[in-house]
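Work through the exercises below with the model open beside you. Try each task before reading its solution.

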Amino acid sequence: NRERSKYNISTMSQYVRIKRLNQTYFIRCEPTDDVASLKSKLAVLTNQEPANVRLYLDIRLLEEHATLHDQQVTNDIVL
């Protein structure tokens, strides 16, 4: 994939942990996925609209159309 070679990103899938209230969701994703696709996957699990989901890395709100790699979202990270 040209996108992966451009950034020298691992071709292996990763997962992220998303904590919400008293639950933790484990979601499989690719470093080249954008935050919008991650929000869509979470929305299915939580019965929420993706537009109503906000994802933070520490205190920084993740940008909707940036890739996970671009925003330093790595394997096994907690959002």
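The exercises below go from the overall layout to single residues, and the model is predicted.

**Exercise 1. Layout**

Task: State how many helices and strands the chain has, and what pattern they follow along the sequence.

Solution:
- Count the elements. The chain has 2 helices and 4 strands.
- Read them in order along the sequence. The pattern is α-β-β-α-β-β.
- Turn to burial. Of the 79 residues, 37% count as buried.
- Turn to contact range. Take the contacts between residues at least 6 apart in sequence: 44% of them join residues at least 24 apart.

**Exercise 2. The β1–β2 hairpin**

Task: Determine in which sense β1 and β2 pair, and over how many bridges.

Solution:
- Check the direction. The two strands pair in the antiparallel sense, over 7 bridges.
- Fix the register. Arg17 has Phe26 of β2 as its bridge partner. Val16 stands opposite Ile27 in β2.
- Look at the connection. There are 2 residues between the strands of this hairpin, where Leu21 takes a positive phi near 55°.
- Check the exposure of Leu21. Its relative accessible area is 78%; a residue is exposed over 50%, so Leu21 is exposed.

**Exercise 3. The aromatic pair**

Task: Find how many aromatic pairs the structure holds, and classify the geometry.

Solution:
- Count first. There is 1 aromatic pair.
- Take the geometry of Tyr15 and Phe26. The ring centres are 5.8 Å apart and the planes meet at 45°.
- Apply the cut-offs. Planes under 30 degrees apart count as stacked, over 60 as edge-to-face and the rest as tilted. The angle is 45°, so the pair of Tyr15 and Phe26 is tilted.
- Place the partners. Tyr15 lies in β1 (residues 14–20) and Phe26 in β2 (residues 23–29), so the pair ties together parts 11 residues apart in sequence.
- Compare exposure. Tyr15 is partly exposed, at 32% relative accessible area. Phe26 counts as exposed, at 53%.

**Exercise 4. Helix α2**

Task: Test the length of α2 against the rise of 1.5 Å a residue, then locate its buried residues.

Solution:
- Get the expected span. The helix has 12 residues (35–46), and the expected value is 16 Å.
- Compare. The end C-alpha atoms are 16 Å apart, which agrees.
- List the buried residues. They are Val35, Ala36, Leu38, Lys39, Leu42, Ala43 and Thr46.
- View down the axis. These buried residues fall within an arc of 155°, so they line one face of the helix.
- Recall the helix geometry. An α-helix has 3.6 residues a turn, so residues three or four places apart point the same way.
- Find what this face meets. The buried residues of α2 pack against β1 and β2.
- Step past the end. Just after α2, Asn47 has a positive phi of about 60°.

**Exercise 5. The nonpolar core**

Task: Identify which residues of the largest nonpolar core touch the most other members.

Solution:
- Start from the set. The core has 16 residues; Val16, Ile18, Leu38, Leu55 and Leu79 touch the most other members.
- Assign the sources. β1, β2 and α2 each supply at least two residues of this core.
- Zoom in on Ile18. Leaving out residues up to four places away in sequence, Ile18 touches Gln23, Thr24, Tyr25, Ile27, Leu38, Leu42, Leu55 and Leu79.

**Exercise 6. Buried or exposed?**

Task: Decide whether Gln71, Asn52 and Asp58 are buried or exposed.

Solution:
- Take Gln71. This residue is in the segment after β4 (60–61). Its relative accessibility is 4%, and the limit for buried is under 20%, so Gln71 counts as buried.
- List the surroundings of Gln71. Apart from neighbours within four places in sequence, its contacts are Val35, Leu57, Arg60, Leu62, Glu63 and Ala66.
- Take Asn52. This residue sits in the loop between α2 and β3 (56–57). Asn52 is exposed, at 53%. Its C-alpha atom is 9.1 Å from that of Lys39, 13 residues away along the chain.
- Take Asp58. This residue lies in the loop between β3 and β4. Asp58 is exposed, at 71%.
- Check the backbone of Asp58. Its phi is near 60°, a positive value in a residue other than glycine. Most residues other than glycine have a negative phi.

How values were computed: Residues are numbered from 1 along each chain as its sequence is written. This is a predicted model: local features need pLDDT of at least 70, side-chain atom pairs count only at pLDDT 80 or more; totals for chains, interfaces and linings use all residues. Side-chain values use heavy atoms; hydrogens and water are left out. Rings of Phe, Tyr and Trp (its six-membered ring) pair if their centres lie within 6.5 Å; planes under 30 degrees apart count as stacked, over 60 as edge-to-face and the rest as tilted. Buried means under 20% relative accessible area, exposed over 50%, partly exposed in between (1.4 Å probe, protein chains only). The expected span of a helix is 1.5 Å times one less than its number of residues. The arc is that of the directions from the helix axis to the C-beta atoms. Contact means heavy atoms within 4.5 Å. A nonpolar core is a set of buried Ala, Val, Leu, Ile, Met, Phe, Trp, Tyr and Cys residues joined through side-chain atoms within 4.5 Å. Two strands pair if DSSP finds at least two bridges between them.
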